[in-house]
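Open your viewer, switch to a cartoon view and keep the selection box handy. We will go from the whole chain down to single residues.

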Amino acid sequence: MQSKQKPVLILLLCVQLLNGVVLLISVQARAPAKERIVFTAMRDNIFGIRVMDADGKNLQVLTDGPAMDSEPSWSPDGQEIAFGSYRGDRRHDIYIMDADGRNQRRLTFHPQSDSGPIWSHDGQRIAFSSWRDLNFEIYVMDADGKNLQRLTNDPGIGGAVDSASAWSPDDQRIAFDSNRDGNFEIYIMDANGKNPRNLTNNPASDRAPAWSPDGQRIAFYSNRDGNSEIYIMDADGGNPRNLTNNPEIDTSPTWSPDSQKIAFSSNRDGNGDIYVIDVDGKNLQRLTANPDSEGGPDWSDPASARPVYPTGKLRGKWGWLKQNSR
Ligand SMILES: [Ca+2]
Ligand SMILES: [Ca+2]
Ligand SMILES: [Ca+2]
Ligand SMILES: [Ca+2]
């Protein structure tokens, strides 16, 4: 009896091992190999979305009119991009597309404008700003457009501009900018909209917070020295310092996955381009160099890609393999 059962057991083990290997390969194949930067480019007054490697190589045009696409934001697995777009009925709405520009789907349908989508790190939610209450308020929805929830609340026309910019790495808080105290400041609030807190308290315009992937710092841009510069501060608002010092407009910071570099837009070379700089202000590099105007970069983190398990089978097999390899 035993001699007949053994080959069957070995065969079963081989099949399970092979299944595990095949599933692992398919899971890993979904993650992009390189860090990439997606951004908006304007050519002949048409806005489109482009992507390049984080060193500026392998530029790809994802959209190039007739729709006016902008504000790209990576899904955490780097497989999709959320963006804002004017098209058809001329309303500005939130869309998502695959990372190659295909399979574009509209997520918001309100007659007022929706803009500035920001994908949560768990991939489940998208925060954005909307004019549907007759001033910009921050909303959050599931990544399929369902379960819409308003996070800020002003009394209609004349209410403050509130715009979402970044989720904390644990998705428990949202950093945003608001002019609710008379000028733009960087705020953070709980992900349900509660406990808003002003981190900047400066009469200048402080905007577009970006949370470092290690959670330690927040980058933003401010005109507190007379023109827009990139600043970083501790995540509690302490220790602000400027990273750029250039008479031209420097805006839209986004962090590298290792929290050591910041990509941003600047018109210091005559038109909008994407630059990258170390967090100590050294090693400035220009990543784009063409007459189009580039801006609004978002840096992907391929290492943060959370594999999609085929209906939990892989976890089951891992458990099975671990149990049987002891
Ligand atoms: Ca508002
Ligand atoms: Ca301010
Ligand atoms: Ca500047
Ligand atoms: Ca340019």
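Begin with the whole chain: its secondary structure comes to 2 helices and 24 strands. Bear in mind as you look around that this is a predicted model. Of the 326 residues in the chain, 37% are buried. Among contacts with a separation of 6 or more, 38% are between residues 24 or more positions apart.

**Stop 1: an open sheet.** Select β16 through β19. These 4 strands form an open sheet in the order β16-β17-β18-β19, with antiparallel pairing. At the edges you will find β16 (206–211) and β19, each of which pairs on one side only. Now zoom in on β18 (residues 229–234), which is joined to β19 by 2 bridges in the antiparallel sense. Show Ile 232 as sticks, and you will see Arg 241 of β19 standing opposite.

**Stop 2: the loop after β19.** Move on to Ile 249, in the loop between β19 (241–242) and β20 (250–255). Is Ile 249 buried or exposed? It falls in between: Ile 249 is partly exposed, because 17 other C-beta atoms lie within 10 Å, whereas a buried residue needs 20 or more. Beyond its neighbours within four places in sequence, Ile 249 is in contact with Asn 227, Ser 228, Ser 266 and Asn 267. Try a distance label from Ile 249 to Ser 265: the two are 16 residues apart in sequence, and their C-alpha atoms are 8.1 Å apart.

**Stop 3: two hairpins around β21.** Select β20 and β21 together. They form a hairpin with 5 residues between them, and Ser 259 in the turn has a positive phi of about 60°. The two strands run antiparallel and are joined by 4 bridges; look for Thr 254 opposite Ala 263 of β21. Next add β22 (residues 273–278), which pairs with β21 in the antiparallel sense over 6 bridges. Here Ser 265 stands opposite Ile 274 of β22. This hairpin has 6 residues between its strands, and Gly 270 takes a positive phi near 105°. Strand β21 (residues 261–266) is largely enclosed by the rest of the structure, because 5 of its 6 residues are buried.

**Stop 4: the nonpolar core.** Which residues touch the most other members of the largest nonpolar core? Select Ile 81, Ala 127, Ile 218, Ala 219 and Ile 262, out of the 60 residues in that core. Finish on Ala 219: leaving out residues up to four places away in sequence, Ala 219 touches Ala 210, Ile 230, Tyr 231, Ile 232, Pro 253, Trp 255 and Ile 262.

Methods
Residues numbered from 1 in each chain as written. Chains lettered and ligands numbered in written order. Predicted model: local features only at pLDDT ≥ 70, side-chain atom pairs only at ≥ 80, totals over all residues. Buried ≥ 20, exposed ≤ 12 C-beta atoms within 10 Å, placed from the backbone. Contact = placed C-beta atoms within 7 Å. Core = buried A, V, L, I, M, F, W, Y, C linked by C-beta atoms within 7 Å. Pairing = 2+ DSSP bridges.
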